[in-house]
Amino acid sequence: RNQVGSVAALGKGPRRGASKMLCGPAMIPAPLQTLLARLNKAWQERAVGLKAVSFAAVGVVNSVIDFGVFSFGYYYLGLPIVAANTLAWLVAVTASYVMNSTITFAAESGRRLALKHYFGFALSQAAGFFANTGTVWCLVELLHVPAWAAKVAAIAVSFAVNFSLSHFVVFRVRRPSDQSS
């Protein structure tokens, strides 16, 4: 009896005639192919943990945008702290919507950008904005923390608020009867 053929029939090994070490058109080692297949399946299923990691990666890019626009407005343009933070938020929330719609929540959004969904996303992120602005204002005005350090802390606070709202409200998996909304 051909052991390789019987294992392949169960879907747990290389197909008949394939190398035991290498398989597939790109000649990727079988253990690596298995790992890649599992990662791809997890990515396609969008497990919450994987989404959180993707959201955090997008968040790192978005934080650089937020911090840069805030610093430019506050230090260079001399805007009041709340005005600088509002400008930074407007730019950052737009970038965040685009990146999260096309990367983190691509399965839920269909990688489509829509003005209606942008406004829904921006509205949901307002809670993060208030958490961010409240944190930065309290730390600077009440505790006299340097503005740059307060902004870093505020970004961390708003991350938790924004991910929760994005995952459970804005980009939730919709049932077929919910698709029109």
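Modeller: Before we start, helices here are DSSP runs (H or I) of at least four residues, numbered from the N terminus. Also, bear in mind that this is a predicted model.

Biologist: Fine. In which helix is Asn100 found?
Modeller: Helix α4 covers residues 81-104, and its mean pLDDT of 91 is the highest in the protein. Asn100 falls in that run, so the element, being a DSSP run, is helix α4.

Biologist: Is Asn100 buried or exposed?
Modeller: Buried means under 20% relative accessible area. Asn100 comes in at 1%, so this residue counts as buried.

Biologist: And which residues does Asn100 contact, leaving aside neighbours within four places in sequence?
Modeller: Close to home in sequence, the Asn100 side chain makes a polar contact of 3.0 Å with that of Thr104. Beyond four places, the partners of Asn100 are Phe55, Val58, Phe105, Ala106, Phe121 and Phe171.

Biologist: Moving on to α6, how far apart are its end C-alpha atoms?
Modeller: Helix α6 has 28 residues, 115-142. At 1.5 Å a residue they should span 40 Å, and the model agrees with that, because the end C-alpha atoms are 38 Å apart.

Biologist: Where is the kink in α6 centred?
Modeller: The agreement in span doesn't rule out a bend, and α6 has one. The kink is about 30 degrees, and its centre is Ala126.

Biologist: What about His144: what is its phi?
Modeller: His144 comes just after α6, in the loop that leads to α7 (147-170). At 65% relative accessible area, His144 is exposed. His144 isn't a glycine, yet its phi is positive, at about 60 degrees.

Biologist: In which loop does Arg111 lie?
Modeller: Arg111 is another non-glycine with a positive phi, near 55 degrees. With a relative accessible area of 52%, Arg111 is exposed, because the cut-off is over 50%. Its place is the loop between α5 (106-109) and α6.

Biologist: Which helix has the lowest confidence?
Modeller: Across the protein, pLDDT averages 78, and 72% of the residues score at least 70. Over residues 1-23, though, pLDDT stays under 50. The lowest mean, 41, belongs to residues 3-9, helix α1.

Biologist: Last one: in what order do the elements run from the N terminus?
Modeller: There are seven helices and two strands to place. Reading from the N terminus, the order is α-β-β-α-α-α-α-α-α.

Methods:
Residues numbered from 1 in each chain as written. Predicted model: local features only at pLDDT ≥ 70, side-chain atom pairs only at ≥ 80, totals over all residues. Heavy atoms only, no water. pLDDT = per-residue confidence, 0-100. Contact = heavy atoms within 4.5 Å. Buried < 20%, exposed > 50% of the residue type's maximum accessible area, 1.4 Å probe, protein only. Polar contact = N/O pair within 3.5 Å; in protein donor to acceptor, adjacent residues only side chain to side chain. Expected span 1.5 Å × (residues − 1). Bend = angle between axes of the 7 residues up to and from the residue.
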